[in-house]
Amino acid sequence: MIPAAFDYEVAESVDHAIELLGSNEDAKLLAGGHSLLPAMRLRLARPAFLVDVGRLRDLSYVQEEGDWIAIGALTRHADVAVSPVLREHCAIVSHTAGQVGDPQVRHRGTIGGSLAHGDPASDLPSVILALHGELVARGPSGDRAIPAREFFTGVFQTALEPNEVLVEIRVSKLGAAGWSYTKMSRRAQDYATVAVAAVVHGNGTVERASVALTNMGATSLHATAAEEALVGGASIADAAALAAEGTEPPTDHAASSDFRKHLARVLTRRALEEATNH
Ligand SMILES: Cc1cc2nc3c(=O)[nH]c(=O)nc-3n(C[C@H](O)[C@H](O)[C@H](O)COP(=O)(O)OP(=O)(O)OC[C@H]3O[C@@H](n4cnc5c(N)ncnc54)[C@H](O)[C@@H]3O)c2cc1C
């Protein structure tokens with residue numbers, strides 16, 4: 001199918017993009033186009049006006065800022081995957097960016113687009129959630145930082161206002177923490193059937209862990225029962241058995257809801273084991 005008709009303009013700056021978004025209540029930003037354009041071709045999305053931010057290269061960067069790392073929202077997955085700063089200080093992000101789709105997707109898709117799209121099957125939302133990251137949105141009245149746990153509000157829904165641009169993602173350095181992003185998909189380039197992001201604190205054991213699940217509900221979500229069990233001294237196996245508590249994963253062509261719950265338990269155990277050895 002071809003998309004419904006739409007107007008199109010290239011934004012020259014973030015402020016210009018915000019102004020253009022405000023000029024049409026049915027406007028959408030276009031970044032890498034690798035989620036929006038497929039949705040438009042299927043007519044699942046029919047924006048009247050596309051504001052192209054894909055050429056705002058000043059929003060493509062990865063830089064250290066004290067204990068934090070700042071990632072520009074227009075940084076493409078392929079650049080995130082090879083970023084020396086991320087590889088040294090927060091390798092779960094660069095590793096996971098390298099797991100997204102295939103090389104073509106990684107060379108067009110952006111980290112900001114992945115997060116702003118709000119797809120519970122996307123990989124990077126769980127990682128930013130597990131890291132307790134922050135997302136910086138810019139609108140007509142300036143910047144605001146949104147904690148990752150408040151950013152994802154529903155299937156394809158986020159806390160971004162219609163006239164806001166996601167400009168930056170901030171994550172803290174991992175330091176001595178171990179990590180894992182363990183993804184199960186049916187074919188190499190597929191979205192995750194289920195995946196688990198784990199960040200583990202402890203010296204060869206798990207004293208505290210942040211565990212986030214991909215494709216286990218309407219948004220990426222914390223495996224809260226497993227996290228609490230670990231703080232209470234449970235073994236990895238016992239905590240992982242609780243990974244699907246409170247989740248309502250979908251049934252679709254890739255897996256049933258029950259099979260997803262099974263995968264969440266198995267992948268959480270593997271992720272926690274891998275993270276303790278990283
Ligand atoms: C074949 C294929 C396989 C894929 N496999 C995977 C996979 O395995 N894992 C995975 O995680 N993803 C996968 N993807 C999705 C891919 O990662 C997309 O690139 C990404 O989800 C969206 O990024 P984008 O820059 O292309 O955004 P776009 O498609 O341009 O935009 C997506 C949405 O985000 C909004 N948006 C974009 N940028 C901003 C911004 N800065 N501020 C506010 N709103 C913004 C847009 O308005 C739109 O609503 C796949 C895609 C394809 C086509």
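Five strands, in the order β4-β5-β10-β6-β7, form an open sheet whose pairing is antiparallel; here strands (E, at least two residues) and helices (H or I, at least four residues) are DSSP runs numbered from the N terminus, and two strands count as paired if DSSP finds at least two bridges between them. Strands of a sheet pair through backbone hydrogen bonds, either parallel or antiparallel. At the edges of this sheet stand β4 (62-65) and β7 (142-147), each of which pairs on one side only. From one strand to the next, the twist averages 25 degrees.

This is a predicted model, in which local features need pLDDT of at least 70 and side-chain atom pairs count only at pLDDT 80 or more, whereas totals for chains, interfaces and linings use all residues. Residues are numbered from 1 along each chain as its sequence is written, and side-chain values use heavy atoms, with hydrogens and water left out.

Beginning at the β4 edge, we find that β4 and β5 (residues 68-72) pair in the antiparallel sense over 4 bridges, and that E65 has W68 in β5 as its bridge partner. At the other edge, β6 and β7 run antiparallel and are joined by 6 bridges, with E134 facing P147 of β7 as its bridge partner. A hairpin connects β6 to β7 through 2 residues.

Helix α1 (residues 14-22) lies across β6 (134-139) and β10, and runs at about 125 degrees to β10; contact here means heavy atoms within 4.5 Å, while the axes are lines fitted to C-alpha atoms, for helices over the stretch in contact, and angles run from 0 to 180 degrees between N-to-C directions.

Strand β10 also leads us to the ligand, since β2 (27-30), α7 (111-117) and β10 (165-172) each supply at least two residues of the shell around it. The largest share, 4 residues, comes from α7. Of the 28 residues around the ligand, L29, H34, L36, T110 and D123 come nearest, where a residue is near a molecule if one of its heavy atoms lies within 4 Å of it. The shell divides into 11 nonpolar, 13 polar and 4 charged residues, and Gly is counted among the polar ones.

Which atoms of the ligand take part in polar contacts, that is, pairs of N or O atoms within 3.5 Å? A nitrogen atom of the ligand is 2.7 Å from an N or O atom in the side chain of D123, and an oxygen atom of the ligand lies 2.8 Å from a backbone N or O atom of G32. The protein covers 90% of the 960 Å² of accessible area that the ligand has on its own, as computed by the Shrake-Rupley method with a 1.4 Å probe.

Notes: Polar contact = N/O pair within 3.5 Å; in protein donor to acceptor, adjacent residues only side chain to side chain.
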